[in-house]
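Visitor: I would like a close look at one part of this protein. Please start there and then work outwards.

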Amino acid sequence: MCGIVGIVGDTPVNQAIYDALTVLQHRGQDAAGIVTIDNNRFRLRKANGLVKDVFELKHMQRLQGTVGIGHARYPTAGSSSASEAQPFYVNSPYGITLAHNGNLTNANDLRESLFEQDKRHLNTTSDSEVLLNILAHQIDKAVSHPLTETDVFNAVTALHKQVRGGYAAVAMIIGHGLVAFRDPHGIRPLCLGKREINGRTEYMVASESVALDAVGFDFVRDITPGEAVYITFDGQLFTHQCAENPKLNPCIFEFVYFARPDSFIDKISVYGARVRMGQKLGEKIKREWDDLDIDVVIPIPETSCDIALQIAQVLDKPYRQGYVKNRYVGRTFIMPGQQQRKKSVRRKLNAIRSEFKDKSVLLVDDSIVRGTTSEQIIEMAREAGARKVYMASAAPEIRFPNVYGIDMPSANELIAHGREVHEIGEMIKADGLIFQSISDLVEAVGEGNPDIQQFETSVFSGEYVTGDIDQSYLDYLAALRSDDAKTVREKQQELANLEIYNES
């Protein structure tokens, strides 16, 4: 999962893009990058690390210009090398730079086609570089002179016909404008905003509406599935539907876990969706666990806090904060090794013993992926004196890998894959375990926008909305995402870094 932002302004945009990336930091903590255009040249800074660490004063001073794009990244199946930080750029035609959120499911086929047919060389394993080169090649084919909005839309139309998967992207074309587009299923989010400065309208696109709020842009609307937005550098806005059969199938995991609660995605309040998740799950617990002696409801911070509060109200039980979170430790399920994840849980959370001692507690989490974190947290509750520990998950059992840009592990590393609920409960050592049903989750989120007919729920159902996922692709993905594979890539990167150090 990544965060993207783009601004066409009348004033310098470096600070606004930086500020927007800081509020999109939850979408990616591996690397960050900003590109601006100044005197018809790209000004680029990107590196591994958090936004606040990547950009120093000297970098911000060099990022001059009134137009720019930014990216906050975490790696999925690819490398975490700094060379794969975004945005990427190519020099022809004109000069194009791009930032991307998502995953292309036919990236390997596209790489071969780019090399063999289009004579384009790729420097990284990132599918974002693939997407950039597809866009550049199609603009090169479609272009008249001078470049028009029709040429840009024709290029995106051709791109949609080639590319499969989930993707939202923002790009800039030197001397012309900024283009943003969303895949025909609208799996990954993207929205449009504007503001008036010095009598001129400035435009902004971003992964989440909260980024617009942070820098003073007014939310206009969500970019629709398959749509492209083209904003010339003199401030003209053009939009066009570039897909033949667009359907809105937003990723439901955005609402469960990834998005900030103060964001709106496809007209749905993320906070409101989570409150409704808590309502649904609380009603299920009340029906099925009416005989349990639950003394207190405790969230596993912090995505599940709003959910747990609603559950406590439904059950008429006290709500307490039982864990204190260290905000400076990254998310554990995207960490590369099992041992590192286990060690990180203790660094990430600490139990408030007085809230557990001699009590039967109901722990609430947004989801259970590998189960590693859940087992450790339950153990911490028992060490703090809990008499019994029950667990509730606001999401259904995650039984299948995600292929659209979320770095969930391979199927055999998912604790729910091929197991029943009671088996999962035994593995994480809970006294009781309950999951939200898919129907309740879809209803809870969908209530915010009744126009949405179907969500992307493949991690729960195994049904992939793009219709192109088979077992061979899942096996290929598993080979890339397994802990062993990531460990090998880490060692290779360490060796590469050592070679660079020795040469210098």
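Visitor: Which residues form one aromatic cluster?

Guide: A word first: this is a predicted model. The aromatic cluster consists of Tyr 74, Phe 253, Tyr 257, Phe 258 and Phe 460. The structure as a whole holds 14 aromatic pairs. Take one of them, Tyr 74 with Phe 258, which is stacked. The ring centres lie 6.3 Å apart, with 10 degrees between the planes. This pair links distant parts of the chain. Tyr 74 sits in the loop between strand 4 (67–73) and strand 5 (88–90). Phe 258 belongs to helix 8 (residues 253–258). The two residues are 184 apart in the chain. Is each partner buried or exposed? Tyr 74 has 4% relative accessibility, so this residue counts as buried. Phe 258 has a relative accessible area of 2% and is buried too. The cut-off for buried is under 20%.

A second pair is formed by Tyr 404 and Tyr 464. Their ring centres are 6.3 Å apart and their planes stand at 65 degrees, so this pair is edge-to-face. It also links distant parts of the chain, 60 residues apart. Tyr 404 lies in the loop between strand 20 (388–393) and helix 13 (421–428). Tyr 464 lies in the loop between helix 15 (458–461) and helix 16 (471–481). Both Tyr 404 and Tyr 464 are buried.

Now the cavities. Phe 253, a member of the aromatic cluster, also lines the largest cavity. A search of the whole structure finds two cavities of 30 Å³ or more. The largest has a volume of about 40 Å³. Besides Phe 253, its lining includes Cys 251, Ile 252, Asn 402, Ile 406 and Met 408. Glu 456, Thr 457, Ser 458 and Val 459 are in the lining as well. The lining divides into six nonpolar, three polar and one charged residue.

The second largest cavity has a volume of about 30 Å³. Cys 251 is in its lining, and Cys 251 is also in the lining of the largest cavity. Among the other lining residues of the second largest cavity are Arg 182, Arg 188, Glu 254 and Asp 266. Pro 189, Pro 250, Phe 255 and Ile 265 line it too. Its lining splits into six nonpolar, one polar and four charged residues.

Next, the sheets. Strands of a sheet pair through backbone hydrogen bonds, either parallel or antiparallel. Strand 5, which follows the loop that carries Tyr 74, belongs to an open sheet of six strands. The order is 5-6-7-8-12-13, with antiparallel pairing. Strand 5 and strand 13 (237–241) stand at the edges with a single partner strand each, so one side of each has no neighbour in the sheet. The twist averages 20 degrees from one strand to the next. Within this sheet, strand 6 (residues 96–104) and strand 7 (residues 165–173) pair over nine bridges in the antiparallel sense. Gly 102 stands opposite Tyr 167 of strand 7.

Strand 4, which precedes the loop of Tyr 74, is part of an open sheet of seven strands. Here the order is 3-2-4-1-10-9-11, again with antiparallel pairing. Strand 3 (41–48) and strand 11 (218–222) are the edge strands; each has a single partner strand, so one side of each is left without a neighbour in the sheet. Neighbouring strands of this sheet are turned by 15 degrees against each other on average, direction ignored. Strand 9 (residues 191–197) pairs with strand 11 in the antiparallel sense, over four bridges. One of the facing pairs joins Leu 192 to its bridge partner Arg 221 in strand 11.

Return to strand 20, which precedes the loop of Tyr 404. Four bridges join strand 20 to strand 21, and the two run parallel. Ala 392 stands opposite Ile 434 in strand 21. Gly 432 and Ile 434 point one way from strand 21 (residues 432–435), while Leu 433 and Phe 435 point the other way. All four are buried.

One last stop is Lys 317. Lys 317 lies in the loop between helix 10 (305–315) and strand 17 (323–325). With a relative accessible area of 34%, Lys 317 is partly exposed. Its C-alpha atom is separated by 9.9 Å from that of Leu 362, 45 residues apart along the chain.

How values were computed
Residues are numbered from 1 along each chain as its sequence is written. This is a predicted model: local features need pLDDT of at least 70, side-chain atom pairs count only at pLDDT 80 or more; totals for chains, interfaces and linings use all residues. Side-chain values use heavy atoms; hydrogens and water are left out. On a 1 Å grid over the protein atoms alone, a cavity is a set of points where a 1.4 Å probe fits but cannot get out, and a pocket is an open set with protein on both sides within 12 Å along at least five of seven lines; lining residues have an atom within 4 Å of a point. Grid points are joined across faces, edges and corners, and a volume is the space filled by probe spheres set on the points. Ala, Val, Leu, Ile, Met, Phe, Trp, Tyr, Cys and Pro count as nonpolar, Asp, Glu, Lys and Arg as charged, and the others, Gly among them, as polar. Rings of Phe, Tyr and Trp (its six-membered ring) pair if their centres lie within 6.5 Å; planes under 30 degrees apart count as stacked, over 60 as edge-to-face and the rest as tilted. Buried means under 20% relative accessible area, exposed over 50%, partly exposed in between (1.4 Å probe, protein chains only). Two strands pair if DSSP finds at least two bridges between them. Axes are lines fitted to C-alpha atoms, for helices over the stretch in contact, and angles run from 0 to 180 degrees between N-to-C directions.
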